[in-house]
Amino acid sequence: MRLNINPMSSANMRADKGEYEKILLPVSGENDGPAIKLACNLSKLAKKSKCHILVLYVIQVQRSLPLDASIESEIGKAEQTLGQVEDQMVDCPCELDTDILQARDIGVAIVDEAVEKHADLILMGAGYKKRFGASGIGPTVLTVLRDAPCPVVVVRPAQMDQETR
């Protein structure tokens with residue numbers, strides 16, 4: 001799905017100036033640390049009265065299940081992850097909201113949420129995906145990079161941090 005976004009929208013003009021009032025921070029419980037730290041640092045640069053960070057956890061629902069299926073184990077993991085993120089961001093001066101979505105495709109859900117919430121920036125963590133002996137990025141990050149209506153920053157932990165997992 002391609003979205004037609006007005007390139008001169010107020011959100012895009014703010015983003016062009018490096019002013020990020022609405023930051024979408026998708027989390028998964030893995031490789032989120034550097035993105036969380038960066039979101040907190042960016043929030044300290046923003047105008048306090050206008051800074052807003054939405055922390056988003058997307059549960060991927062298998063096609064064999066209805067989209068609104070209650071997947072208790074995944075919901076529990078999502079709530080735990082969002083609680084940990086809130087604890088890590090307690091010193092951030094921005095307004096912080098959390099949300100859990102269920103979707104077939106995580107990347108599409110992130111892009112849709114960015115559109116709906118008029119995000120100025122998507123800031124997300126990424127790990128290393130080993131394919132055929134080479135590192136790469138996963139399909140979620142690729143979808144967000146390709147289709148996002150705003151700037152996207154992808155942050156990954158240092159490779160040493162990945163190898164200790």
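Student: In this predicted model, which elements are included in what covers the buried residues of α3?

Tutor: The buried residues of α3 are A78, T81, L82 and V85, each with under 20% relative accessible area. What covers these residues includes one helix and three strands, namely α2 (33–45), β1 (22–27), β2 (52–60) and β3 (95–103).

Student: Why do the buried residues of α3 line one face of the helix?

Tutor: The residues concerned are A78, T81, L82 and V85. Seen down the axis of α3, these buried residues line one face because they fall within an arc of 100°.

Student: Which exposed residues does the face of α3 turned away from its buried side carry?

Tutor: Exposed here means over 50% relative accessible area. On the face of α3 turned away from the buried side, the residues that meet this cut-off are E72, S73, E79, Q80 and D87.

Student: How far apart are the end C-alpha atoms of helix α3?

Tutor: Helix α3 runs over residues 72–88 and has 17 residues, so at 1.5 Å a residue it should span 24 Å. The distance between its end C-alpha atoms agrees with that expectation, being 24 Å.

Student: Within what arc do the buried residues of α2 fall?

Tutor: In α2 the buried residues are A35, I36, A39, C40, L42 and S43. Seen down the helix axis, they line one face, because they fall within an arc of 165°.

Student: Against which elements do the buried residues of α2 pack?

Tutor: The opposite face of α2, turned away from its buried side, carries the exposed residues K37 and L45. The buried residues of α2, by contrast, pack against α3, β1, β2, β4 (121–125) and β7 (152–155).

Technical notes: Residues numbered from 1 in each chain as written. Predicted model: local features only at pLDDT ≥ 70, side-chain atom pairs only at ≥ 80, totals over all residues. Heavy atoms only, no water. Helix = DSSP H or I, 4+ residues; strand = E, 2+ residues; numbered from the N terminus. Expected span 1.5 Å × (residues − 1). Buried < 20%, exposed > 50% of the residue type's maximum accessible area, 1.4 Å probe, protein only. Arc of directions from axis to C-beta. Contact = heavy atoms within 4.5 Å.
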